[in-house]
Number of protein chains: 2
Amino acid sequence: MVDKALFSYLEEFVTPVRRQKFIDILNKRTKHFTVVLEDVYQMHNTSAVIRSCDVFGVQQAHAIEVQHKNTLDKEIAMGAQKWVDLQYHSNTETCIGVLKEKGYQIIATTPHNDSCLVEDFDVTKKSALFFGSEKNGVSEDVMKQADGFIKIPMVGFTESLNISVSAAIILQSVTSKLRNSTIDWQLTEEEKEFQRFIWMQKSIKSIDKILARYYEQNPK
Amino acid sequence: MVDKALFSYLEEFVTPVRRQKFIDILNKRTKHFTVVLEDVYQMHNTSAVIRSCDVFGVQQAHAIEVQHKNTLDKEIAMGAQKWVDLQYHSNTETCIGVLKEKGYQIIATTPHNDSCLVEDFDVTKKSALFFGSEKNGVSEDVMKQADGFIKIPMVGFTESLNISVSAAIILQSVTSKLRNSTIDWQLTEEEKEFQRFIWMQKSIKSIDKILARYYEQNPK
């Protein structure tokens, strides 16, 4: 829940143009799709995929990692990653559990079987799109538990695409289809308000000092 | 024109599986679309775009460069670039002239004006898709002479995509639409045969020695 008084207080530190931008962008954000990265150790790819999430309006992403969390966090905090929620999971099993709980079907992106072509993908269901490593693709765990598969048709000698390129193509395709559909894909008003609250805090320089002053004046 | 006798001679050095692969891939190749790279100095991007051309069946690409040709050639020769024709032009003007001569309309990819969205792009006409530099986009020359514009809808904070990602999204989208259309997009039988001839030569180890021996036995 958003603290309404604090929300109003913080708004004063954000320009009206910026505040409007948050509203406009949030009107195009969705949680109908989410992205899961199994191979988060390739930082360059992770950053690029998160950038695509922002560009195509996907608000939440998931990363599976067993160790090195601190190393990642530092880099992930830069750039577009500020605007997309990235949740960490210690293993694939846990991640799939959390996503199923939230009503997502598990979709493995893979060029290696009779997958559904990206342009034919049925966007009606909430879907978590899993991307594996460039070398080995998604893990066995994901392949076994997948509710569906999706692939990009490839007709040349090259048999694989860079993860960041695959993710961008798939996200662009499915989000564009989603926006042209009658599916209820938008965030709820409550989710939008919460996100504005978070984004405002991320946008304000010296937010720590400002929050400290607020709580000094308004003890909890 | 292909030297039929030499063609048959070379075929013996290529496995039947490989020969069939050439035929299969050539059945999906097109010259209906071509790609033009204005900023070839970012080698990483150029390679990635050429890789996408191969993956999505675009046989010809163009690069505009004023200098440094030798530096480029060496790197370009590696990988997927082997299977895509890359033609160099010394400036944008010349390149546009050559393409118009061949019946291509000039399409600038740009996020900066009221471009046509990639999913709405009319694929019926032969189109040369121009990609500029990541920083400044396509040049003024291209913007002025363009017959049309194309853009990827973006709804987040990030206002640009990496060139290799943009090119992949656009190529995937337009080639997929093309393949599902009734447009005559395939290479002619003559073009396919010529390309097989070229690919065979690129696939054969010690091709120079083999050609030398052939011409020794069959003087021109």
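Does Lys202(B) count as buried or exposed, and how many C-beta neighbours lie inside 10 Å? In this predicted model, Lys202(B) counts as exposed, because 10 C-beta neighbours lie inside 10 Å and a residue with 12 or fewer is classed as exposed.

**Figure 1. Close-up of Lys202(B) in helix H8 of chain B.** The view shows Lys202(B) as an exposed residue, with 10 C-beta neighbours inside 10 Å. Asn180(B) is included for reference: Lys202(B) and Asn180(B) are separated by 22 residues in sequence and by 31 Å in space, taken from C-alpha to C-alpha.

**Figure 2. Close-up of the packing of helix H2 (residues 16-26) against helix H8 (residues 189-203) in chain B.** The axes of these two helices are 10 Å apart, and the packing angle is about 140°. H2(B) is therefore oblique to H8(B). Their crossing is right-handed. From H2(B), the residues Arg18(B), Phe22(B) and Leu26(B) take part; they meet Lys192(B), Gln195(B), Arg196(B), Trp199(B) and Ser203(B) of H8(B). Sorted by class, this contact of H2(B) with H8(B) contains three nonpolar, two polar and three charged residues.

**Figure 3. Close-up of the packing of H3(A) and H7(A).** The axes of H3(A) and H7(A) come within 9 Å of each other and cross at roughly 15°. Since an angle under 35 degrees counts as roughly parallel, H3(A) and H7(A) are therefore described as roughly parallel to each other. The crossing of H3(A) and H7(A) is right-handed. H3(A) contributes Asn45(A), Ala48(A), Val49(A), Ser52(A) and Cys53(A) to the contact, while H7(A) contributes Ile163(A), Ser164(A), Ala167(A), Ala168(A) and Leu171(A). Seven residues of this contact of H3(A) with H7(A) are nonpolar, three are polar and none is charged.

**Figure 4. Close-up of the contact between chain A and chain B.** Chain A provides 26 residues to the contact, and chain B provides 26 residues. On the side of chain A that touches chain B, helix H3 (43-55) and helix H7 (163-179) of chain A each supply at least two residues. H7(A) gives the most to this side of chain A, with six residues. By class, the side of chain A that touches chain B comprises 15 nonpolar, seven polar and four charged residues.

**Figure 5. Close-up of the largest nonpolar core, which has 100 residues.** Which residues of this core touch the most other members? They are Val35(A), Phe130(A), Val35(B), Phe130(B) and Phe131(B). In soluble globular proteins, nonpolar side chains tend to be buried together. The surroundings of Val35(B) are shown in detail: leaving aside its neighbours within four places in sequence, Val35(B) is in contact with Val49(B), Cys53(B), Val58(B), Ala61(B), Leu129(B), Phe131(B) and Ala167(B).

**Figure 6. Close-up of Ser206(A), in the loop between helix H8 (189-203) and helix H9 (207-217) of chain A.** Although Ser206(A) is not a glycine, its phi is positive, at about 55°. Ser206(A) is exposed, because 10 other C-beta atoms lie within 10 Å and the class of exposed residues extends to those with 12 or fewer.

**Figure 7. Close-up of Ser206(B), in the loop between H8 and helix H9 (207-217) of chain B.** Ser206(B) has a positive phi of about 55° and is not a glycine. With 10 other C-beta atoms within 10 Å, Ser206(B) is exposed.

Terms used: Residues numbered from 1 in each chain as written. Chains lettered and ligands numbered in written order. Predicted model: local features only at pLDDT ≥ 70, side-chain atom pairs only at ≥ 80, totals over all residues. Contact = placed C-beta atoms within 7 Å. Helix = DSSP H or I, 4+ residues; strand = E, 2+ residues; numbered from the N terminus. Nonpolar A, V, L, I, M, F, W, Y, C, P; charged D, E, K, R; others polar. Axes fitted to C-alpha atoms, helices over the stretch in contact; angles between N-to-C directions. Parallel < 35°, antiparallel > 145°, perpendicular 65-115°, else oblique. Left-handed = near helix turned anticlockwise from the far one by under 90°. Core = buried A, V, L, I, M, F, W, Y, C linked by C-beta atoms within 7 Å. Buried ≥ 20, exposed ≤ 12 C-beta atoms within 10 Å, placed from the backbone.
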